[in-house]
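Reader: Got a minute to walk me through this one? I'd like to start with the ligands and then move on to the fold.

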Amino acid sequence: MIYLKDILYKVPIEKTIGVTAVAINNLHFDSRKIELNDVFVAIRGSLSDGHDYIKMAAEKGALAIICESLPELIINGITYVQVADSNKALALMAANYFENPSDSLKLIGVTGTNGKTTISSLLYDLFKAAGYETGLLSTVKIMVGEKEFPATHTTPDPLTINSYLRKMVDAGVEFCFMEVSSHGIHQKRTEGLHFAGGIFTNLSHDHLDYHKDFKEYRDVKKTFFDQLPKSAFALTNADDKNGPVMLQNTNARTYTYALKTYADYKGQILENQFNGLLLKINNNELWVKLIGAFNAYNMLAIYGTADLLGLETIEVLQLMSNLESVAGRFQYVVSEEMNITAIVDYAHTPDALKNVLQTINSIRTGNEELITVVGCGGDRDAAKRPKMGNIAASLSTKVIFTSDNPRSEDPEAIIHQIEAGVPPEHFKRTLSITDRKQAIKTACSMANRNDIILVAGKGHETYQEINGERFEFNDLEIVSEFITALKK
Ligand SMILES: CC(=O)N[C@H]1[C@@H](OP(=O)(O)OP(=O)(O)OC[C@H]2O[C@@H](n3ccc(=O)[nH]c3=O)[C@H](O)[C@@H]2O)O[C@H](CO)[C@@H](O)[C@@H]1O[C@H](C)C(=O)N[C@@H](C)C(=O)N[C@H](CCC(=O)O)C(=O)O
Ligand SMILES: Nc1ncnc2c1ncn2[C@@H]1O[C@H](COP(=O)(O)OP(=O)(O)OP(=O)(O)O)[C@@H](O)[C@H]1O
Ligand SMILES: N[C@H](CCC[C@H](N)C(=O)O)C(=O)O
Ligand SMILES: [Mg+2]
């Protein structure tokens, strides 16, 4: 039996009408899911206002309504709890409802613009390989020990988070690595979770459609570290100019990693080739199978975290050298006959695209062409479009602009905005093909022996979203099929 008063523990309440000593069934923030004796939390969203659905929730049998402003019609027998912040109330209630599973886990949050999925997934792989029961909440998938569940968000809503954390605790999971997105922090999806550690990767232009400006985006990320408890560690990238800013007001124990400046976990790239990186971390040398300078940062974050969580250095080094790239993160195939390399990468921000292209250029050996296929998602930050057009054209020898989840927007209009960023001297390098499959096919047919094709933006995604409908689509499958069919 779960009581309303128990799940309201620690929730700052402004006013209560009715009794809270009542047994409740489920907790929901979507009125459409309400059944008899459930609790409905009204949230002001970006598309609609949950307060408009209080009546619907009541009609469907809600026993209690949690809201920021009380409705005009107060119905006898229903308890109304007025709170200052429904998002926060939902997160605290969700944690209470599932009996605060994060208290029984070592939960590590990874935040920053790029690298969250890579770091959290590889930490999951590493701790699993070290023999621990491990959990993962990531953009790509959710893992409860060995069991896989589909992910809908990078950081899901608090009910989803806490229900999975509960499953993890019940399955004996000891460590859980989770991505903490800026939307997640801003919407307080992670409020009430007990973190054992926080990792900051880097901060660059992203999600400025959602956040007011860069400062707000940065400050939102920072609140995650401000809220870490004393017992936690906070590990930051000292080479990123916002890295130290993140730790300014944290109560956690602070640590740094860096390639360029002094840091607790100091790294050096000794070799950077197509078959991996030779790194020196503090005084240890190791080969890892991942490629590119940005992955050296990810490796430092992983090394530091494993060390802070008490793993033995020797073991960590050995496990790190076995790590394989994460789905859709610099995944590649090479065609046997023509030796064409096709790389699929989730880079969907200017910074990530630049990183991937610079990485490929840094390990290109000769005059081979670098043919990039890229687009930008619809209903997302439009300011990044010309920037990505500029980067793709400047750092590739040929570019095909195409669609990447146009969602409700006109795909051609998005492509025009990308094209607007191409410097005139590179016009000749670019062409645009709206149909993504056709664009990939054309890139493959343009490739000669030893050339490199980068298909950027969708990574692990297995669909293309057009007009609210998701069509099956897999960059890696499509590009592999076309390059292996090439015979010249
Ligand atoms: C902009 C945004 O973040 N939206 C998220 C938000 O929805 P919302 O606030 O817009 O909801 P809304 O549709 O306006 O509705 C407001 C409220 O009314 C309720 N409602 C609505 C209709 C109804 O009939 N009855 C009812 O009760 C809704 O359940 C909701 O509580 O809260 C929902 C529940 O948690 C999320 O699913 C939804 O994510 C949408 C789908 C989304 O696309 N989010 C992306 C942008 C996102 O969060 N991305 C980040 C980062 C990705 C990255 O780093 O690249 C992520 O963590 O995934
Ligand atoms: N440390 C890093 N610094 C810069 N770029 C990176 C880093 N790690 C990965 N990338 C690049 O950014 C892309 C996204 O990486 P990843 O999926 O790990 O990030 P993320 O933070 O989870 O992104 P999202 O916000 O979309 O969930 C990768 O495909 C890679 O090209
Ligand atoms: N988590 C990100 C992923 C973007 C991936 C890209 N393929 C796109 O659709 O824009 C978002 O939903 O904004
Ligand atoms: Mg991610």
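Reader: OK, ligand 1. How many residues surround it, and which are the closest?

Author: Keep in mind that this is a predicted model. Ligand 1 has 18 residues around it, and the closest are G45, L47, H153, D157 and S181.

Reader: What's the mix by class in that shell?

Author: The shell around ligand 1 has eleven polar residues, four nonpolar and three charged.

Reader: And which domains does the shell around ligand 1 draw on?

Author: Domain 1 (2-96) and domain 2 (100-320) each put in at least three residues.

Reader: Hang on, what's the whole domain list for the protein?

Author: The assignment gives domain 1 (2-96), domain 2 (100-320) and domain 3 (331-485).

Reader: How far apart are the C-alpha centres of domain 1 and domain 2?

Author: Those two centres are 33 Å apart. As for contacts, nine residues of domain 1 meet eleven residues of domain 2.

Reader: Which element gives the largest share of the domain 1 side there?

Author: That's α3, with eight residues on the side of domain 1 that touches domain 2. By class, that side divides into six nonpolar, two polar and one charged.

Reader: Cool. Back to ligands: which residues are closest to ligand 2?

Author: G115, K116, T117, T118 and A352 are the closest, out of 22 residues that surround ligand 2. Helices α4 (116-129), α9 (293-308) and α11 (350-363) each supply at least two residues of that shell.

Reader: Where does ligand 2 lie relative to the domains?

Author: Ligand 2 lies between domain 2 (100-320) and domain 3 (331-485), because both give residues to its shell. The shell's residues divide into twelve polar, six nonpolar and four charged.

Reader: And what surrounds ligand 3?

Author: T154, H348, G377, R380, D404, N405, G457, K458 and E461 do. In that shell there are five polar and four charged residues, with no nonpolar ones.

Reader: Switching to the fold. What's the strand order in the open sheet of five?

Author: The order is β2-β7-β6-β5-β4, and the pairing is mixed. β2 (13-17) and β4 (27-28) are at the edges with a single partner strand each, so each has one side without a neighbour in the sheet.

Reader: How does β2 run against β7?

Author: β2 and β7 (residues 79-83) are antiparallel, joined by four bridges. One spot to look at is K15, which stands opposite Q82 in β7.

Reader: Which helix packs on that sheet?

Author: Helix α3 (residues 86-97) does, touching β4, β5 (39-41), β6 (64-67) and β7. The direction of α3 makes about 145° with that of β5. It's the helix that came up earlier, with eight residues on the domain 1 side that touches domain 2.

Reader: Last stop, β14. Is it buried, or exposed?

Author: Five of the five residues of β14 (residues 233-237) are buried, so the strand is largely enclosed by the rest of the structure.

Reader: Which residues sit on which side of β14?

Author: F233, L235 and N237 are on one side, with A234 and T236 on the other, and all are buried. In a regular strand, side chains alternate between the two faces of the sheet.

Reader: And what does β14 pair with?

Author: β13 (residues 197-200) pairs with β14 in the parallel sense over three bridges, with G198 opposite A234. β15 (residues 253-258) also pairs with β14 in the parallel sense, over five bridges. There, Y255 is the bridge partner of L235.

Terms used:
Residues numbered from 1 in each chain as written. Chains lettered and ligands numbered in written order. Predicted model: local features only at pLDDT ≥ 70, side-chain atom pairs only at ≥ 80, totals over all residues. Buried ≥ 20, exposed ≤ 12 C-beta atoms within 10 Å, placed from the backbone. Pairing = 2+ DSSP bridges. Near = placed C-beta within 6 Å. Nonpolar A, V, L, I, M, F, W, Y, C, P; charged D, E, K, R; others polar. Contact = placed C-beta atoms within 7 Å. Axes fitted to C-alpha atoms, helices over the stretch in contact; angles between N-to-C directions. Domains from an automatic or database assignment.
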